[in-house]
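The exercises below are to be worked through with the sequence and the coordinates at hand. Each task is followed by a solution in steps.

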Amino acid sequence: MSARDQRFMSLALSLGQRGMGRVWPNPAVGCVIAQGDRIVGRGWTQDGGRPHAEPMALAQAGNAARGATAYVTLEPCAHHGKTPPCAAALITAGVARVVTAIEDPDPRVSGGGHAMLRDAGISVTSGVLRDQAARDHAGFLSRVTEGRPFLTLKLASSFDGRIATATGESKWITGPDARRMVHMMRARHDAVLVGGGTARVDDPALTIRDIGITRQPVRVIASRRLDLPLDGILARTALETPVWLCHGPNADALLISAWAGLGAVPIECPVGAGRQLDPLGMLQALGRAGLTRIFCEGGGALAASLLATGMVDEVIGFTAGVMLGAEGRPALGAMGIDSLAHAPRFDLVEVRAVGGDILHRWAKA
């Protein structure tokens, strides 16, 4: 793996990150086309998933693509969908070499893009910055291989793990810098997920605000009975910003109809243990609907059920230097853990100060 290959692939990955939260159900791919040390084309998957990164970069490169090397963060597609195969576009443009980070596990591609390029006489190198690409494409990979989106759980709490006082006061435990960063994190995900209890108590907007981004994530509410306020912010804005409602099979048909009339999308999900929505079944339903990356912001019962069933891939914590005591409301609901051996464990990835708070990021062990 040459230093040049690593440098251009790193740039391609940074370009691909621009599409996070904006291109689902497609992967957020980046592409760089280079003649020697000179970049002649750059591209990334555009909003809504079209055009793909490769034709964007090829259009910028023009005739300079002939004999060039294309750096792509995911194996170029080899199937005809809404657009022709990207592998075919690279062949037609006359590139001499293609460098990729990881193979696409989608059965419609899975090695087929690389094979198409090699059959056309193009040199193919794969596996450059594989680990970073796997992290960037984790949502797409999870949806294809596991049938569910990649799930990040965000917890903002006091130093002693509380999210509100005993009376329910929670605004604001963390400071403005942490809250601004949460909005930036929402922007890199396809959807924001909360439980029905949070929707009832907080009446949240769950939108991205005050950072200059207009494209909004899907707002997903998990509520088995669908007993949510029909006059709240979510109901009033469902026609403006998507609201998806994960409910159980026995939810009131009148409530389902009422929410659909307001512009929301009801999604029936299976019920599991404790008569609550089955976390895996819910995430699989959201995966079938196209979501690849979900940002869960609680509440405690939903977070506990996702953790207990192994559905959380990443935990992001914001810890404030305030103490609320045992009477405060805990960040997590009951998980039925009677042994440390059964507790979900995560590996520390990052720790840093954000304003007056501490950000810590953990990956599934």
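**Exercise 1. Determine which residue of strand 13 is the bridge partner of K154, and describe the setting of strand 6.**

Step 1. K154 has I316 as its bridge partner in strand 13. The model is a predicted one, in which local features require pLDDT of at least 70 and side-chain atom pairs count only at pLDDT 80 or more, while totals for chains, interfaces and linings use all residues. Residues are numbered from 1 along each chain as its sequence is written, and side-chain values use heavy atoms, with hydrogens and water left out.

Step 2. Strand 6 (150-157) is joined to strand 13 (residues 314-319) by six bridges, in the parallel sense. Helices (H or I, at least four residues) and strands (E, at least two) are DSSP runs numbered from the N terminus, and two strands pair if DSSP finds at least two bridges between them.

Step 3. Strand 6 also pairs with strand 12, again in the parallel sense, over four bridges. Here L151 stands opposite I294.

Step 4. Seven of the eight residues of strand 6 are buried, where buried means under 20% relative accessible area, exposed over 50%, and partly exposed in between (1.4 Å probe, protein chains only).

**Exercise 2. Place strand 6 in its sheet and identify the edge strands.**

Step 1. The sheet is open and has nine strands in the order 11-10-9-8-12-6-13-16-15, with mixed pairing.

Step 2. Strand 11 (265-268) and strand 15 (346-354) each have a single partner strand, so one side of each lacks a neighbour in the sheet.

Step 3. From one strand to the next, the twist averages 20°. Angles run from 0 to 180 degrees between N-to-C directions, and axes are lines fitted to C-alpha atoms, for helices over the stretch in contact.

Step 4. Strand 12 (residues 293-296) runs parallel to strand 8 (residues 191-195), and three bridges join them. A191 has I294 as its bridge partner in strand 12.

**Exercise 3. Characterise the surroundings of R148.**

Step 1. R148 belongs to the loop between helix 6 (138-146) and strand 6.

Step 2. The relative accessibility of R148 is 2%, so the residue counts as buried.

Step 3. Its side chain makes a polar contact of 3.0 Å with the side chain of D313. A polar contact is a pair of N or O atoms within 3.5 Å; within protein, one must be able to donate a hydrogen and the other to accept it, and residues adjacent in sequence count only if both atoms are side-chain atoms.

Step 4. Beyond the neighbours within four places in sequence, the contacts of R148 include L280, L283 and Q284, as well as D313 and K364. Contact means heavy atoms within 4.5 Å.

**Exercise 4. Describe how helix 11 packs on helix 12, and locate S305.**

Step 1. Helix 11 (residues 279-288) meets helix 12 at an angle of about 95°, and the axes are 9 Å apart.

Step 2. Helix 11 is therefore roughly perpendicular to helix 12, given that angles of 65 to 115 degrees count as roughly perpendicular, under 35 as roughly parallel, over 145 as roughly antiparallel and the rest as oblique.

Step 3. P279, M282 and L283 of helix 11 meet L302, S305 and L306 of helix 12.

Step 4. S305 lies in helix 12 (residues 300-308) and is partly exposed, with a relative accessible area of 25%.

**Exercise 5. Why are C77 and C86 not joined by a disulfide?**

Step 1. A disulfide is a pair of cysteine sulfur atoms within 2.5 Å.

Step 2. The cysteine sulfur closest to that of C77 is in C86, at 3.6 Å, which is too far for a bond.

Step 3. C77 is buried at 9% relative accessibility, and C86 is buried at 2%. The structure holds zero disulfides.

**Exercise 6. Give the strand order of the five-stranded sheet and its edges.**

Step 1. The order in this open sheet is 2-1-3-4-5, with mixed pairing.

Step 2. Strand 2 (38-44) and strand 5 (123-126) are the edge strands, each pairing on one side only.

Step 3. Strand 1 (residues 30-35) pairs with strand 3 (residues 69-72) in the antiparallel sense over four bridges, and C31 has V72 as its bridge partner in strand 3.
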